[in-house]
Amino acid sequence: MEPQSEVNPKRVAAFFRRSNIGPVCRVQSSSDIEAWLASRAYFTLITYLNDVSAEIQGIRNTDLFPISKNIKRLTTIFEQLDSMIVANSPAPLVLGANMDSRTKSYRRWAHGMLRDIYKIVEKAVPSSKCRHVNELGVYLSGSFGSSAKIEYGTGHELSFLFFVCALFKAEILDKEQDLAASALVLFDRYLHFVRRLQVTYSVNSSNWHGGYSLDKFQFVPFVWGFAQLCHEAPFSPKKMLDEDTIAKYRDAYMLINCVGHMATTNVGTFARHSSQLWSLAALSSWTKIHRSLMFMYMEDILMDIDNLNALRFGELMSFEEDKSGRHLGSARMGVKSPLRRQMAEDLDDQDQDQDLTSRSGTPSISRSEQNDSARKKAKVEETSSDCMSNSGLSLGSECTSLSGVSVHLPTWLDDCTATSKNAF
């Protein structure tokens with residue numbers, strides 16, 4: 001009789017953790033908060049929030065910043081989800097009617113979303129990254145609210161941030177190219193979509209004090225919205241709630257877009273429905289407001305057990321302890337970002353090229369094109385292509401389909417129980 005080979009429990013656990021059960025809930029009680037604050041996922045999240053804040057200073061949503069093909073492909077996700085809303089439209093709400101129609105329509109939409117989300121994600125990411133479809137789908141499906149309670153809040157918004165961070169971790173998005181667009185294009189598209197969900201299905205807020213007196217549902221758009229205004233803002237904080245400011249800058253700044261949305265969906269003054277935001281308008285410094293909001297986000301939202309109960313952790317956004325020795329700092333605000341500087345240089349080059357062309361009468365290769373070519377050549381010649389060189393993760397795959405990938409299909413978000421700046 002042949003002796004049985006010795007089983008390595010750690011290897012078995014690692015196999016099942018990666019291949020079978022998918023991302024799982026890890027924060028079940030206040031005793032798990034300490035492990036969450038020391039986890040790789042927490043370090044990745046805070047670093048991403050800070051890096052985006054520093055990158056988008058002085059950048060408007062309407063500026064011509066780089067938008068990669070991968071960002072454009074990812075935004076098509078919401079086009080398909082939008083069509084599902086149309087297919088599950090509730091009956092018109094008339095005076096005296098109950099909300100059963102909207103509740104049932106929202107649950108039908110959520111059921112269809114959970115059924116199709118993995119196929120949608122698979123089509124939106126490169127085929128070489130198919131091994132991450134399961135984890136990405138879990139994060140994305142958890143970002144649209146609870147179909148059981150018919151509510152949405154900052155915990156669901158946090159799940160979408162996990163989705164975006166995981167895209168960078170999997171090298172589907174590139175930090176140098178996609179950092180600004182991940183917020184001003186991809187997250188902005190998500191924001192407009194969940195607003196449509198909230199309005200169409202009369203979704204309730206799950207935030208116990210109204211989005212911390214900022215907004216009923218969101219928080220991160222305010223963090224990044226204030227970050228945009230930390231350099232060369234065209235108006236002062238005391239003007240941010242004015243109707244003229246909203247009319248002029250609603251399409252240009254995430255903050256003003258949020259203010260405009262709140263003005264049209266809430267009854268009464270900002271002092272009444274958004275007292276914290278109304279108070280911030282009395283301050284004189286955009287950087288101080290941003291710092292205060294970031295601190296509030298870390299202290300009040302990322303340590304709120306209700307926001308973390310349903311949050312899932314996987315391979316890309318790991319609950320394991322971060323042992324890299326990194327220290328979380330804060331974003332350097334109030335300065336011109338590298339992206340803003342590069343955009344200004346490209347604009348100057350274009351002006352000089354136009355001047356030279358008008359003098360010589362013959363077109364020439366622009367300096368911006370030469371600079372782009374040089375940057376691309378330098379990138380090809382780099383010895384390492386790891387856009388997240390400090391993270392210790394390079395998780396590419398040669399898999400070209402979902403064959404061999406075990407897909408974890410969650411039922412409802414609420415069913416999760418006890419069983420269940422350089423880091424980039």
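The paragraphs below go from the nonpolar core of this predicted model to one buried loop residue and then to two unusual backbone angles. Residues are numbered from 1 along each chain as its sequence is written, and local features need pLDDT of at least 70, while side-chain atom pairs count only at pLDDT 80 or more.

The largest nonpolar core, a set of buried Ala, Val, Leu, Ile, Met, Phe, Trp, Tyr and Cys residues joined through side-chain atoms within 4.5 Å, has 116 residues, and those with the most contacts inside it include Trp109, Phe144 and Trp224. Helix 8 gives the most to this core, with 13 residues; helices here are DSSP runs of H or I, at least four residues, numbered from the N terminus. Phenylalanine 144 is in contact (heavy atoms within 4.5 Å) with residues including Leu81, Trp109, Tyr190 and Phe193, leaving aside its neighbours within four places in sequence.

Asparagine 61 lies in the loop between helix 3 (40-55) and helix 4 (69-87), and with a relative accessible area of 18% it is buried, a word that stands for under 20%, as exposed does for over 50%, with a 1.4 Å probe and protein chains only. Among the residues that asparagine 61 touches, not counting those up to four places away in sequence, are Leu184, Asp188, Gln228 and Tyr253.

Most residues other than glycine have a negative phi. Glutamate 171, in the loop between helix 7 (154-169) and helix 8 (175-200), nevertheless has a positive phi of about 65°. Glutamate 232, in the loop between helix 10 (220-228) and helix 11 (243-249), also has a positive phi, near 55°, and counts as exposed at 61% relative accessibility.

Key: Heavy atoms only, no water. Helix = DSSP H or I, 4+ residues; strand = E, 2+ residues; numbered from the N terminus.
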